[in-house]
Amino acid sequence: MDASRDEDSPYRAVADRSSCLDRIFLLMLLAGLLAGCASRPTAGAVTPTTFVQPQPSATAAPSPSPRRPTTTFPVVPSVAPPTPVPSATPTVDVCPVLPADPLRPRYRFDVTADPATHRLRIWQAVTVADPARLEMAEVVFNVPANGVAGVFALEAVHLAIAPAQAVGTGPLRPTAVMLDGATLRVRLPSVAMRPAALTVCLDYTVRLPPAGHEGISAMHALGWSELGMVAGYWYPVLAPYVPAAAGGTGRWLITPYHPVGDPIVYETADYEITIRAPAPYQVIAAGLMRAEAGVWHFRLARARGFAFVVSDRLVASQADVLGIPVRVYHLAEHGRAGQSALRSVQEALPLFAEAYGPYPYTELLIVEAAQFGGMEYSALMTFSRDWFAAYQPPATDADFGADLLVRFVVHELGHQWWYGAVGNDQAHEPWLDEALARYGEVLYYETLHPTHLAWWEAPSAGMATQPINQPIYRFSDTTSYVQAVYVSGTRFWLDVRRLLGRPAFAVFLQEYRERYQDQIVSEAAILALLRERLGPASAALWSTYFR
Ligand SMILES: [Zn+2]
């Protein structure tokens, strides 16, 4: 039964029809409430290993200059001993050292999208220039796309360093390449002198799975449907490296795949992406520089995750919010929902900019997709087409807001600060971004639509408070994950606000964002900050919200 078609809003549907209560409640708990960032277990997740002989890249690599020594290596199963380095002679320079800031890595991609076969053929280069990683014996990537069998196929790995003389006369070769589940390790050879920069180049294919409507998982950030191809978790993400503290040891932030939550962590990086797609498809992504003859070029600086959508179905509605161009890509028949998404941003973005600090990017894209819930990336957010399809304009203008699409646009918009501006380990400390993104929902409704606060709170009102400092790996179902990380996490921040008082809490959020802008904040750091502000009053909070 489609109650939304003859009711003015989901709220009224809940109030008037008990049969719809379960539907709406379930929808809010399992799809959206947990919005975007949550997921439920899916069967069949495996941790395949791959062994593929090196072969030439099918995509044209950018022409690097100057020429760097490169070589190609087989990918070996993690259970195998390190493979002897083959005596390959590089014939083409497919691995340039990119100009990288020591503070953040630089990615370059050349992607060929084939909507007919749902495949992405990808060449990826990532250059690091930070001293801590350059001293390591390996470079580690988190590859969520390899969390499910049959999606990710690594074909070749190349290395390059600058200055080239550092390697002497021979090419630089990894001593081993190991892909074990969602963890890719590239072992580096020792070099005569410490390089100023290191590039790891990867050739691989991503075969998108069908986008699913049943439940949500991180793999739904990667899928195809009649709306097009959604590439969310599509590339190997350089694992952040935490240098050793005095007397300690450094560590890679490794996020094994898990079907609940977001099994990923992004450091701030600079992106340069070329994507080829056949006519009449368009490529939707943030940072468009130019598009010509089916070749789309993007640049996105100081970003976390880069996502794109390839579609021949979506049309755009757009608006300008505080000088930020905002575009909503939706099916032509969902124009009113697209307008409501725009209005949500028009209302929430100024509110968040005042509460948290400047919006961290120069544009914002919202894309309708065949998925469950919503999902955040830097300057781009995707939302379930079910929410677009179910959208009903309110009876009066004053009733605007009591709608799942509106609510979760607000939620994912909050992630542009809590995930985008301030990063965190979303796998091991997911409450850091999720609880504040959901706090943004409270801020939105209590400030702009207070009559809808009860509607907003209804699905979670009866949930008991749970410890919030739990990694995604502790949860096997989305409901308990949401109860702890989202619902209890929001209650934690509301208690902090009550103890500090609203003015001091507002100052705290601004300072928190400023201090950790472009960084990966840790739970230990934020709790130390809170102890400092709250003093003895914090004791009760710790026992209630932390295990
Ligand atoms: Zn979220």
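Q: In this predicted model, what span should the 15 residues of helix H10 (residues 502–516) have at 1.5 Å a residue, and how far apart are its end C-alpha atoms?
A: The expected span takes 1.5 Å times one less than the number of residues, so the 15 residues of H10 should cover 21 Å. The end C-alpha atoms of H10 agree with this expectation, being apart by 21 Å.

Q: Which residues of H10 are buried, and within what arc do the buried residues fall when seen down the axis of H10?
A: The buried residues of H10 are Leu-509, Tyr-512 and Arg-513. Because their directions, seen down the axis of H10, fall together, they line one face of the helix, within an arc of 90°.

Q: Which exposed residues does H10 carry on the face turned away from its buried side, and which helices are included in what covers its buried residues?
A: On the face turned away from the buried side, H10 carries the exposed residues Pro-503 and Glu-514. The cover over the buried residues of H10 includes helix H4 (335–356) and helix H11 (523–534).

Q: Is Ala-379 buried or exposed?
A: Ala-379 lies in the loop between strand S22 (374–377) and strand S23 (380–384), and its phi is positive, near 65°, although the residue is not a glycine. A residue counts as buried when 20 or more other C-beta atoms lie within 10 Å of its own; Ala-379 has 23, so Ala-379 is buried.

Q: How does Asp-518 count, with 15 C-beta neighbours inside 10 Å?
A: Asp-518, whose phi is positive, near 70°, is placed in the loop between H10 and strand S25 (520–521). Since 20 or more neighbours would make a residue buried and 12 or fewer exposed, the 15 of Asp-518 make it partly exposed.

Terms used
Residues numbered from 1 in each chain as written. Predicted model: local features only at pLDDT ≥ 70, side-chain atom pairs only at ≥ 80, totals over all residues. Helix = DSSP H or I, 4+ residues; strand = E, 2+ residues; numbered from the N terminus. Arc of directions from axis to C-beta. Contact = placed C-beta atoms within 7 Å.
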